[in-house]
Amino acid sequence: MVRRNISAAVLSGVLAVSALAGCGGGGDDAGSGNSGGDDKITLGFSQVGAESGWRTANTKSIQESAASAGIDLKFSDAQGKQENQISAIRNFITQKVDVIAFSPVVTSGWDAVLKEAKDAGIPVILTDRAVDSQDTSLYETFIGSDFVEEGKKAGDWLVKEYEGKTDKVNVVELQGTTGSAPAIDRQKGFAEAIKANPNITIVKSQTGDFKRADGKTVMETFLQSTPDIDVLYAHNDDMGLGAIEAIEAAGKKPGTDIKIITVDAVKDGMTALADGKINFIVECSPLLGPQLMDLAKKAAAGETLEKRVLTEETTFTQEQAKTELPNRKY
Ligand code: GYE
């Protein structure tokens with residue numbers, strides 16, 4: 001099949017790489033070689049799960065962009081478990097896919113399986129979340145947001161909000177999945193941003209696993225144990241939305257009695273922001289699909305990729321949310 005929007009040079013590069021991959025196991029894989037054959041790139045993608053609105057939008061972006069880029073996507077949902085991701089990656093290696101991409105649920109414990117992919121000659125692209133592997137040759141590139149920066153933006157807003165005031169500000173924090181890059185970094189960036197203001201303190205911090213239901217139950221325990229909460233910082237919209245339910249059930253007004261800062265800016269979060277129930281959202285874009293497909297094609301063609309590809313993002317106040325909401329795609 002003749003494919004659209006792919007240059008002859010890239011195409012021949014792709015063919016060369018798939019031919020090599022075919023020879024790697026001594027096999028005689030069909031499809032690589034003659035023009036007119038099915039020379040599609042195969043991308044194995046291991047997704048974290050479906051824990052949040054962000055994740056659902058991310059999955060959709062990856063599936064749709066693979067289809068429009070003419071990439072054969074093998075998609076695997078790990079249901080939040082690292083061991084599922086490791087076995088999905090091993091399966092992709094056995095299937096001799098051209099490229100592997102995955103969004104690591106936690107940062108540590110990847111060296112062995114990444115080494116297996118490297119030994120098999122299959123390039124790996126980290127998508128959305130980082131790993132803590134010291135050997136950066138184990139992956140080609142890492143595409144995603146700067147989570148420390150996101151945490152900083154959240155903290156900077158808070159510092160500004162209480163500028164010139166010396167009263168104690170009690171903050172509770174709902175952390176993302178324990179050991180995940182966004183939870184580690186969003187905590188770090190936020191703590192850095194508020195540290196020069198000793199009146200602003202984090203009085204409680206616990207994981208809500210990036211899930212709405214957990215955000216609600218953890219917020220319930222925060223409300224029971226800590227009567228004077230001024231601010232909630234939730235590492236994603238979903239946990240913030242769950243917490244809003246708990247706050248309302250406790251007879252308090254979210255956004256007024258307790259100020260709320262979240263990260264992501266998915267439609268439900270933006271709606272709560274426009275309604276005055278959330279005060280500030282730091283955007284984290286899940287629309288990584290198109291760039292990922294581009295990088296996958298380049299990796300399959302043997303090109304050297306930039307080691308870090310950053311996503312561009314912004315922040316939203318309540319007023320900005322009202323303007324943005326009609327255009328929000330996810
Ligand atoms: O913020 C959260 C999701 O890794 C950036 O994971 C992602 C985070 C996102 O569950 O909603």
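Domain bounds here come from an automatic or database domain assignment, and the model to which they are applied is a predicted one. Within these bounds, domain 1 (8-144 + 286-312) and domain 2 (147-284) both contribute residues to the shell around the ligand, which therefore lies between them. Two helices, α2 (53-69) and α6 (181-194), each provide at least two residues of this shell.

The ligand is surrounded by 13 residues, of which Glu51, Arg129, Arg186, Asn236 and Asp264 come nearest. By residue class, the shell is made up of six charged, five nonpolar and two polar residues.

Polar contacts to the ligand involve several side chains, among them that of Arg129, in which an N or O atom is placed 2.8 Å from an oxygen atom of the ligand. For the side chain of Asp128, the corresponding separation between an N or O atom and a ligand oxygen is 2.9 Å, and a distance of 2.9 Å is likewise computed between a ligand oxygen and an N or O atom in the side chain of Asn236. Of the 300 Å² of accessible area that the ligand has on its own, the protein covers 100%, and the ligand is located in the largest cavity.

How values were computed: Residues are numbered from 1 along each chain as its sequence is written. This is a predicted model: local features need pLDDT of at least 70, side-chain atom pairs count only at pLDDT 80 or more; totals for chains, interfaces and linings use all residues. Side-chain values use heavy atoms; hydrogens and water are left out. A residue is near a molecule or strand if one of its heavy atoms lies within 4 Å of it. A polar contact is a pair of N or O atoms within 3.5 Å; within protein, one must be able to donate a hydrogen and the other to accept it, and residues adjacent in sequence count only if both atoms are side-chain atoms. Accessible areas come from the Shrake-Rupley method with a 1.4 Å probe; for residues, only the protein chains shown count as cover. On a 1 Å grid over the protein atoms alone, a cavity is a set of points where a 1.4 Å probe fits but cannot get out, and a pocket is an open set with protein on both sides within 12 Å along at least five of seven lines; lining residues have an atom within 4 Å of a point. A molecule sits in a cavity or pocket if more than half of its atoms lie within 2 Å of its grid points. Helices (H or I, at least four residues) and strands (E, at least two) are DSSP runs, numbered from the N terminus. Ala, Val, Leu, Ile, Met, Phe, Trp, Tyr, Cys and Pro count as nonpolar, Asp, Glu, Lys and Arg as charged, and the others, Gly among them, as polar.
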